[in-house]
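Grab a pencil and work through these exercises with the structure open beside you. Try each task before you read its solution.

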Amino acid sequence: MQIEIGSAQDLEAISVLFNAYRQFYCQPSDLVGAQGFIRERLARQDSRILVARAESGELVGFTQLYPLFSSVRMRLCWLLNDLYVAPEWRKQRVARALMKEAEERARQAGIAALWLATEKNNTVAKRLYERLGYRMDIVFDHYELNLL
């Protein structure tokens, strides 16, 4: 398995994985919308999409990183917003490989921190995050104002 930056040539495969990721979070399937969203991210280069490619060439997982600024740190941080591995590839360390590659690329780019969020009951993901050194924020409560 190889971890690399996703490209326009991977649009269809990334979109299928992205659509499945959204369904995991109880959103209706929308492959056309998913493809449009990923196409726009790739065209605008406003996120970094790392993909896990099996030896067969098949994309089996992805993570998407969005740049954000920390005013307190006066530095760039990345939001690890999406992480998904196809069900048949789970428990094969694909998610771990994607996250380690994201960490390495962040370190090389001088990024101050990687941030992420997951559902409170996503215990499998939480165990992985904690094994990789992520810690629950105990200083700040994060809020959301839903506008849609």
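A nonpolar core is a set of buried Ala, Val, Leu, Ile, Met, Phe, Trp, Tyr and Cys residues joined through side-chain atoms within 4.5 Å. Keep in mind that this is a predicted model.

**Exercise 1: the cores**

Task: Which residues of the largest nonpolar core touch the most other members, and which elements supply it with at least two residues each?

Solution:
- Step 1. The largest nonpolar core has 23 residues, and Leu65, Leu80, Leu83, Leu98, Met99 and Tyr134 touch the most other members.
- Step 2. At least two residues each come from β2 (48-53), β3 (59-70), β4 (75-85), α3 (94-108) and α4 (123-131).
- Step 3. With 6 residues, α3 gives the most to this core.
- Step 4. Apart from this core lies another one of 14 residues, including Ile14, Phe18, Ala34 and Val51.

**Exercise 2: two helices meet**

Task: Work out how α1 and α2 are placed relative to each other.

Solution:
- Step 1. Two packed helices are described by the angle between their axes and the distance between the axes.
- Step 2. Here the axes of α1 (residues 11-24) and α2 (residues 31-44) come within 8 Å and cross at roughly 120°.
- Step 3. Because of that angle, α1 is oblique to α2.
- Step 4. The crossing of α1 past α2 is right-handed.
- Step 5. Now look at who meets whom: α1 brings residues including Leu11, Ile14 and Phe18, while α2 brings residues including Ala34, Phe37 and Leu42.
- Step 6. Sorted by class, this contact has 9 nonpolar, 3 polar and 2 charged residues.

**Exercise 3: a glycine in a strand**

Task: Is Gly61 buried or exposed, and what is it in contact with?

Solution:
- Step 1. Find Gly61 in strand β3.
- Step 2. Buried means under 20% relative accessible area. Gly61 has 0%, so Gly61 is buried.
- Step 3. Skip the neighbours within four places in sequence, and Gly61 is in contact with Leu17, Leu50, Val51, Ala52, Tyr84, Val85 and Leu98.
- Step 4. Check Leu98 from its own side: Gly61 turns up among the residues that Leu98 touches, along with Ile3, Phe62 and Leu83.

**Exercise 4: positive phi**

Task: Where do Gln45 and Lys91 lie, and are they buried or exposed?

Solution:
- Step 1. Most residues other than glycine have a negative phi.
- Step 2. Gln45 has a positive phi, near 55°, and Lys91 has one near 65°.
- Step 3. Gln45 sits in the loop between α2 and β2, and Lys91 in the loop between β4 and α3.
- Step 4. Exposed means over 50%. Gln45, at 69%, is therefore exposed, and Lys91, at 86%, counts as exposed too.

Technical notes
Residues numbered from 1 in each chain as written. Predicted model: local features only at pLDDT ≥ 70, side-chain atom pairs only at ≥ 80, totals over all residues. Heavy atoms only, no water. Buried < 20%, exposed > 50% of the residue type's maximum accessible area, 1.4 Å probe, protein only. Helix = DSSP H or I, 4+ residues; strand = E, 2+ residues; numbered from the N terminus. Contact = heavy atoms within 4.5 Å. Axes fitted to C-alpha atoms, helices over the stretch in contact; angles between N-to-C directions. Parallel < 35°, antiparallel > 145°, perpendicular 65-115°, else oblique. Left-handed = near helix turned anticlockwise from the far one by under 90°. Nonpolar A, V, L, I, M, F, W, Y, C, P; charged D, E, K, R; others polar.
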